[in-house]
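Student: I should like to understand how the terms used for a protein structure are justified. Could we work through them one at a time?

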Amino acid sequence: ILVYRKENGQLPTTLTQLYENFILQTIRRYVKKTQFTDPHQINSLHHLPSPVISTPFQEMCRFAYLSLKENTPRMTFSLFQVQQSLNESVVKADYLGLMTTFTMYDDEYYQFLHLSIQEFLAAWWITKYEK
């Protein structure tokens with residue numbers, strides 16, 4: 001894993017900070033590629049600068065939470081499951097770079113970059129939005 005330094009030059013000291021930095025860097029890379037906004041404006045997951053980014057991020061967190069909340073947690077999703085669970089803003093935002101796609105037997109499937117990323121997003125949803 002490549003460890004990213006915080007803006008002030010310090011390395012992350014907790015796993016939460018490490019995951020937060022990784023997700024921020026992933027979103028910045030996506031934003032830089034798509035040019036929605038200046039990637040340097042994204043300093044924290046708490047204050048995403050634009051609804052073009054914040055709404056898909058919230059949806060991704062909710063999707064991660066709901067998929068892990070089920071009796072049989074899912075890590076791989078069919079195109080149909082993704083289309084039913086996520087709104088169009090997330091699809092247009094290309095999942096903010098937090099999901100990857102693959103084809104198996106001519107069907108398209110989606111999964112988070114890693115189970116730990118899915119778990120972090122689910123935990124983020126619980127702490128920020130679940131009541």
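Tutor: Let us begin with the sheet of this predicted model. Thr100 stands opposite Gln111 in S3.

Student: What makes S2 and S3 paired strands?

Tutor: Pairing requires at least two bridges between two strands. S2 is joined to strand S3 (residues 107-112) by 6 bridges, so the requirement is met, and the two run antiparallel. Another of the bridge partners is Tyr109 in S3, which belongs to Phe102. S2 and S3 form a hairpin with 2 residues between them, and in the turn Tyr105 has a positive phi of about 55°.

Student: How do you know that S1 also pairs with S3?

Tutor: The cut-off is at least two bridges. There are 3 bridges between S1 and S3, so these strands pair as well, again antiparallel. Within this pair, Phe77 stands opposite Tyr110 in S3.

Student: Why are S1 and S2 described as standing at the edges?

Tutor: The open sheet has 3 strands in the order S1-S3-S2. Strand S1 (76-78) and strand S2 (99-104) each have a single partner strand, so one side of each has no neighbour in the sheet. From one strand to the next, the twist averages 35°.

Student: Why is the contact between Arg62 and Glu59 called a salt bridge?

Tutor: The term requires a side-chain nitrogen of Lys or Arg within 4 Å of a carboxyl oxygen of Asp or Glu. The N to O distance for Arg62 and Glu59 is 2.8 Å, so the term applies. A search of the whole structure finds 1 salt bridge. Arg62 and Glu59 are separated by about one helical turn, because they are 3 residues apart in helix H2 (residues 51-69).

Student: Which of the words buried, partly exposed or exposed fits Arg62, and which fits Glu59?

Tutor: Buried means under 20% relative accessible area, and exposed means over 50%. Glu59 has 17%, so Glu59 is buried. Arg62 has 23%, which lies in between, so Arg62 is partly exposed.

Student: How do you know that Ser67 is buried?

Tutor: Ser67, which lies in helix H2, has a relative accessible area of 4%; this is under 20%, so Ser67 is buried.

Student: What makes the link between Ser67 and Gln118 a polar contact?

Tutor: The limit for a pair of N or O atoms is 3.5 Å. The side chains of Ser67 and Gln118 are joined at 2.8 Å, so the contact qualifies. The side chain of Ser67 also reaches the backbone oxygen of Ala64 at 2.9 Å.

Definitions and conventions: Residues are numbered from 1 along each chain as its sequence is written. This is a predicted model: local features need pLDDT of at least 70, side-chain atom pairs count only at pLDDT 80 or more; totals for chains, interfaces and linings use all residues. Side-chain values use heavy atoms; hydrogens and water are left out. Helices (H or I, at least four residues) and strands (E, at least two) are DSSP runs, numbered from the N terminus. Buried means under 20% relative accessible area, exposed over 50%, partly exposed in between (1.4 Å probe, protein chains only). Axes are lines fitted to C-alpha atoms, for helices over the stretch in contact, and angles run from 0 to 180 degrees between N-to-C directions. A polar contact is a pair of N or O atoms within 3.5 Å; within protein, one must be able to donate a hydrogen and the other to accept it, and residues adjacent in sequence count only if both atoms are side-chain atoms.
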